[in-house]
Amino acid sequence: MLIFVLKRVAWALLTLLIASWIAFVLVHLSGSTPGGVALGQSATPEQVVAYNESIGWYEPWIQQYLVWVGQVLQGNLGTSLIDGRPIGPDIAKRLPVTAALAAGGTILSAVLGIVLGVIAAVRRGAVDRFITVLTGVMLSLPAFWVGILLVYVFAVQLRLLPATGFVPFEVSPEKWFKSLVLPVLTIAITSAGFIARQTRASMAEALAQEHIRTLRAVGTPSGRIIYVHALRSASLPILATIAVQFIVLFGGSVMIELLFALPGIGQAMQSAVGSADLPFVQALVLVATLVVVIVNVVLETLNRTLDPKLRTS
């Protein structure tokens with residue numbers, strides 16, 4: 001297992017290098033330059049060129065990339081071209097917001113999706129058809145519309161939760177929790193359908209296996225068959241779906257963060273791309289890729305732990 005983990009970590013590092021190089025190249029091909037962004041439209045071409053030369057923008061790309069990697073290894077993600085602030089501390093403030101949003105949305109949608117999927121696979125008949133229709137409706141609902149509806153009900157009408165904004169956990173755990181309830185609910189309602197359908201398909205396949213029929217024949221309690229043996233057999237594709245869900249939410253929660261005014265990574269990426277803040281974009285791509293590779297390593301390790309065939313291969 002140790003060798004397997006080390007190999008996956010090595011591949012993860014290689015993935016990080018490739019993704020960061022691609023981001024680096026795309027930044028240089030974007031048509032914008034640091035001098036043009038930092039100095040603004042009032043700067044003369046000579047001033048822009050001088051600024052770019054001062055930061056080594058015209059040096060060979062591989063040389064610039066190696067310098068950037070060296071700075072990253074030292075914990076320096078660069079400086080924003082818009083306000084001159086260090087990028088690392090800004091991302092460090094935003095990361096817990098997006099992580100809490102993605103983790104909360106993934107956990108709640110996973111619980112809801114697994115419950116619906118298991119019920120559909122076990123009950124069959126009219127219950128199965130009803131859950132299929134329900135998950136189809138959930139998948140078709142626009143997250144933006146669901147968020148607005150939840151704000152109207154729980155913030156405007158009932159006045160139970162804040163409509164927008166974010167309160168750090170260290171300031172007030174209660175207000176932190178309340179500021180995440182509506183965004184997490186929005187994610188769960190619009191995302192649980194994917195997990196429910198995957199769970200239903202995986203559970204139906206698991207319940208049809210030979211060893212499940214044998215367990216029923218020897219009188220094993222149905223609850224143990226469903227929630228221990230069958231659910232464990234069906235767990236690998238369900239875990240993969242949940243992991244993908246987390247990755248998508250972490251990297252694609254821009255609309256949710258903008259709707260609820262959450263100062264997260266998605267909001268920062270939208271702002272950085274819109275203002276052509278090239279170092280910020282490059283740093284955010286690196287952070288997002290790091291999260292993806294970490295989730296993949298954890299997922300593959302869990303798969304190998306849960307599946308005896310993978311452990312012996």
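Gln270 lies in helix 13, which spans residues 265-274. The coordinates discussed here belong to a predicted model.

With a relative accessible area of 43%, Gln270 is partly exposed, because that class covers values that are neither under 20% nor over 50%. Leaving aside residues up to four places away in sequence, Gln270 touches Val254 and Leu258. Gln270 is also separated from Gly75 by 195 residues in sequence, and the C-alpha atoms of the two residues are 23 Å apart in space.

**Overall architecture**

The protein contains 15 helices and zero strands. Along the principal axes, its C-alpha atoms fill a box of roughly 85 × 55 × 35 Å. The chain has 313 residues, of which 40% count as buried. The exposed area of the protein is about 16,900 Å², and 68% of that area is supplied by carbon and sulfur atoms. Among contacts with a separation of 6 or more, 73% join residues 24 or more positions apart.

**Packing against helix 8**

Helix 8 covers residues 173-207. Two of its helix contacts, with helix 5 and with helix 6, are set out below.

| Helix pair | Crossing angle | Axis distance |
|---|---|---|
| Helix 5 (residues 87-123) and helix 8 | roughly 35° | within 4 Å |
| Helix 6 (residues 125-140) and helix 8 | about 140° | 7 Å |

The angle of about 140° between helix 6 and helix 8 makes helix 6 oblique to helix 8. Helix 6 passes helix 8 in a left-handed crossing, whereas the crossing of helix 5 with helix 8 is right-handed.

On the helix 6 side, the contact with helix 8 is formed by Asp128, Thr132, Thr135, Gly136, Met138 and Leu139. The helix 8 residues that meet them are Ala188, Ile189, Thr190, Ala192, Gly193, Phe194, Ala196, Arg197 and Arg200. By class, the residues of this contact between helix 6 and helix 8 comprise seven nonpolar, five polar and three charged.

What is the class composition of the contact of helix 5 with helix 8? The axes of this pair come within 4 Å, and the contact has 24 nonpolar, seven polar and one charged residues.

Methods. Residues numbered from 1 in each chain as written. Predicted model: local features only at pLDDT ≥ 70, side-chain atom pairs only at ≥ 80, totals over all residues. Heavy atoms only, no water. Axes fitted to C-alpha atoms, helices over the stretch in contact; angles between N-to-C directions. Parallel < 35°, antiparallel > 145°, perpendicular 65-115°, else oblique. Left-handed = near helix turned anticlockwise from the far one by under 90°. Contact = heavy atoms within 4.5 Å. Nonpolar A, V, L, I, M, F, W, Y, C, P; charged D, E, K, R; others polar. Buried < 20%, exposed > 50% of the residue type's maximum accessible area, 1.4 Å probe, protein only. Areas by Shrake-Rupley, 256 points an atom, 1.4 Å probe, with all protein chains shown as cover.
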